[in-house]
Amino acid sequence: MTLIEILVALAIFTISFLVLIDAQNLNIRSSAHAHRMSIATILAQDKMTETLLKHKDTPLREIEEKEDGTFEGTYSKYRWEITSRDFAYDLSFLIAMAQGGGETEEETRPPEAESPLLAYLPKISQFIKNSSKEMTVTVFWREGATERNVSLTTHLFNYKTPLPL
């Protein structure tokens, strides 16, 4: 074996070794990120459950629009934020369907052929707006210089609100 053969073999070994080390480092970083993501998801689920229980009998209009805080103890590097907003579901696509959305302008329907659904859709939209709220729990943490987050969203409904039909 010549000196050149030994140097080539050593170079191949060194490059292969560095590639393996880099792959292992990537694996460790990915595992750590997945671990933090799992912790954040569990914390968000716990906070969501806690908040739902807290507001179980609270009228929807009395739920605060925003709350925030930091977890204690082992999870003090994580912080949380809860936002709530009125939930309005756009039912306009149903109006187009009820009106026979595929018709051309020349093909007009007689007034008696209109769907009774058209009269109820605005009332149903207003009912959904008045009896529901969207709530989102977001958990934040830092990974190096980057702030990461996980969000969970649910909808609260007041089933006692009378349907205005």
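Trainee: Is Trp141 buried or exposed?

Mentor: Happy to start there. This is a predicted model, where local features need pLDDT of at least 70, side-chain atom pairs count only at pLDDT 80 or more, and totals for chains, interfaces and linings use all residues. Residues are numbered from 1 along each chain as its sequence is written, and side-chain values use heavy atoms, leaving out hydrogens and water. Buried means under 20% relative accessible area, exposed over 50% and partly exposed in between, with a 1.4 Å probe and protein chains only. The relative accessible area of Trp141 is 2%, so Trp141 is buried.

Trainee: How many aromatic pairs does a search of the whole structure find?

Mentor: Rings of Phe, Tyr and Trp (its six-membered ring) pair if their centres lie within 6.5 Å; planes under 30 degrees apart count as stacked, over 60 as edge-to-face and the rest as tilted. With that rule, the search of the whole structure gives 3.

Trainee: Why is the pair of Phe13 and Phe17 stacked?

Mentor: Phe13 and Phe17 both lie in helix α1 (residues 3-54; a DSSP run of H or I, at least four residues, whereas strands are E, at least two, all numbered from the N terminus). Phe13 is exposed at 55% relative accessibility, and Phe17 is partly exposed at 45%. Their ring centres are 6.2 Å apart, and the pair is stacked because the planes stand at 20 degrees.

Trainee: Which residues form one aromatic cluster with Tyr78?

Mentor: Tyr78 counts as buried, at 6% relative accessibility. Tyr78 and Trp141 form a tilted pair, 6.0 Å centre to centre with 45 degrees between the planes. The cluster joins Tyr78 with Tyr75 and Trp141.
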